[in-house]
Structure formats: structure tokens, C-alpha cells
Amino acid sequence: MIGRLAGVNASLQNRFRSRCRRPLAVAALAAALGLEPALAQTLLPDSFFAGRPAFSQPEQPGQPASCEDVAGQLPGSIPPDSRVDMAITGTVSLIQTDGTLWYVAVCAEPGIRVLCVTYSANDLKLGDKALLRGGYNRQDRRHVLLDPCLASPDMGGGTPEP
């Protein structure tokens, strides 16, 4: 997972830099090249979420899964023009920063590992119970990336700390 983290870290830093430094230049270049703006994301039908309470439409609450039951809820795929959010609670097994972003992981091997890319660790430490909510992206059979993501202490019942 640490090896994957280095690649994710570099990719995210490049994406962040390109979005923050030159948004007007990018827009001007796109206009000059005749590129059309990106289309809005497609919302998935309610049937997609049946049997998957940890998943929700973007920015909507889901019922957090546990590390033990998340594998049974993972979809095989999501259309590329869609965003789906996922919520999970688990024990923090990795916490690391690059000075700008924080990486918080829950769930241990050999199960599904979930990595949250966020701007704040909210005082979480290794071994703490955490609630992660964010944009779902399946990396491979055993790794899920939540980006953007919010990480907070799990106060029970899937409610973040105030």
C-alpha cells in the first residue's frame, strides 16, 4: 500500500498544482483549441444503490460500511462519467502527510483496504476508529481510493465529530 501511496501522492500533487496555478490559462487554451467544457456527471439510478447502503449519490449521506461488510457492497464498475460516494468506518491503519494532503487508510489485509485523500486528518492517530466519506474509485480487487474525502473520528452510528 505504501508503494501505491507514492504513486498516488505524485499524481495528486500534479493534479492539484495544475488546477490551482493556471486555471485561466487552461480555460484559454481549451477555448483556443475548440474544446468544449466537461459535461456534468451522470447521476446513477436508485437501483444501483439497492443493497449498497454505504454508497450514495455525490454529497449525500450513506450508511457507513464496516471493514468486514464492505466487500459485499462494492460494485463491479461505475460508468466513467459518474461520481458515487462511499462511507466506511474502521480502525486507522495508516496515516501520512506530504505537507499538503493527508492519507488516511482503514481496514487491514487481507480484506479491502480503503485510502482517504483529504486536507486534514482531524487529529486522527493510528488505531483510532475513523469515519471516511468520499468519492469512490476502485483501484484494484483489494484497494479503494476515496478522493475527495473527509476523515473524522467515528463517534458511533456513522456521525462525524462536531
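**Exercise 1. Place Cys107 in the chain, then work out whether this residue is buried or exposed.**

Step 1: Start with the location. Cys107 sits in the loop that links strand 4 and strand 5. Keep in mind that we're working with a predicted model here.

Step 2: Check the backbone. Cys107 isn't a glycine, yet its phi is positive, near 80 degrees.

Step 3: Now the accessibility. The relative accessible area of Cys107 is 4%, and the cut-off for buried is under 20%. Cys107 therefore counts as buried.

**Exercise 2. Do the same for Glu59: find its loop, its phi and its exposure class.**

Step 1: Look between strand 1 and strand 2; Glu59 is in that loop.

Step 2: Glu59 is another non-glycine residue with a positive phi, about 65 degrees.

Step 3: Relative accessibility comes out at 60% for Glu59, and exposed means over 50%, so Glu59 goes down as exposed.

Put the two loop residues side by side: Cys107 is buried, whereas Glu59 is exposed.

**Exercise 3. Track down the cis peptide bonds at Pro110 and Pro148, and say which element or loop holds each proline.**

Step 1: Go to Glu109 and Pro110. The peptide bond joining them is cis, with omega at about 5 degrees.

Step 2: Pro110 belongs to the loop between strand 4 and strand 5 (113-118). That loop also holds Cys107.

Step 3: Move on to Asp147 and Pro148, which are likewise joined by a cis peptide bond, omega being about 0 degrees.

Step 4: Pro148 is part of strand 7, residues 143-153.

**Exercise 4. Which strands pair with strand 3, and in what sense?**

Step 1: Take strand 1 (residues 55-56). It pairs with strand 3 (residues 85-97) in the antiparallel sense, over 2 bridges. For a residue pair to click on, try Phe55, whose bridge partner is Met86.

Step 2: Next up is strand 2 (residues 65-66). Its 2 bridges to strand 3 are of the parallel kind; Ala65 has Ile88 as its bridge partner.

Step 3: Strand 4 (residues 102-106) runs antiparallel to strand 3, with 5 bridges between them. Here Ile95 stands opposite Val104.

Step 4: Finish with strand 6 (residues 129-140), antiparallel to strand 3 and joined to it by 7 bridges. Thr89 and Leu131 are bridge partners in this pairing.

Pulling it together, strand 3 pairs in the antiparallel sense with strand 1, strand 4 and strand 6, and in the parallel sense with strand 2.

**Exercise 5. How many residues lie between the strands in the hairpin of strand 3 and strand 4, and what phi does Gly99 take there?**

Step 1: Walk along the chain from strand 3 to strand 4: 4 residues lie between the strands.

Step 2: Stop at Gly99, in this hairpin. Its phi is positive, near 100 degrees.

**Exercise 6. Zoom out: what's the order of elements, and what do the totals for the protein say?**

Step 1: Tally the elements: 3 helices and 7 strands. From the N terminus on, the order is α-α-α-β-β-β-β-β-β-β.

Step 2: For burial, 38% of the 162 residues count as buried.

Step 3: For the surface, the protein exposes about 9,400 Å², with carbon and sulfur atoms supplying 57% of that.

Step 4: For contacts, take those with a separation of 6 or more; residues 24 or more positions apart make up 58% of them.

Methods
Residues numbered from 1 in each chain as written. Predicted model: local features only at pLDDT ≥ 70, side-chain atom pairs only at ≥ 80, totals over all residues. Heavy atoms only, no water. Pairing = 2+ DSSP bridges. Buried < 20%, exposed > 50% of the residue type's maximum accessible area, 1.4 Å probe, protein only. Contact = heavy atoms within 4.5 Å. Areas by Shrake-Rupley, 256 points an atom, 1.4 Å probe, with all protein chains shown as cover.
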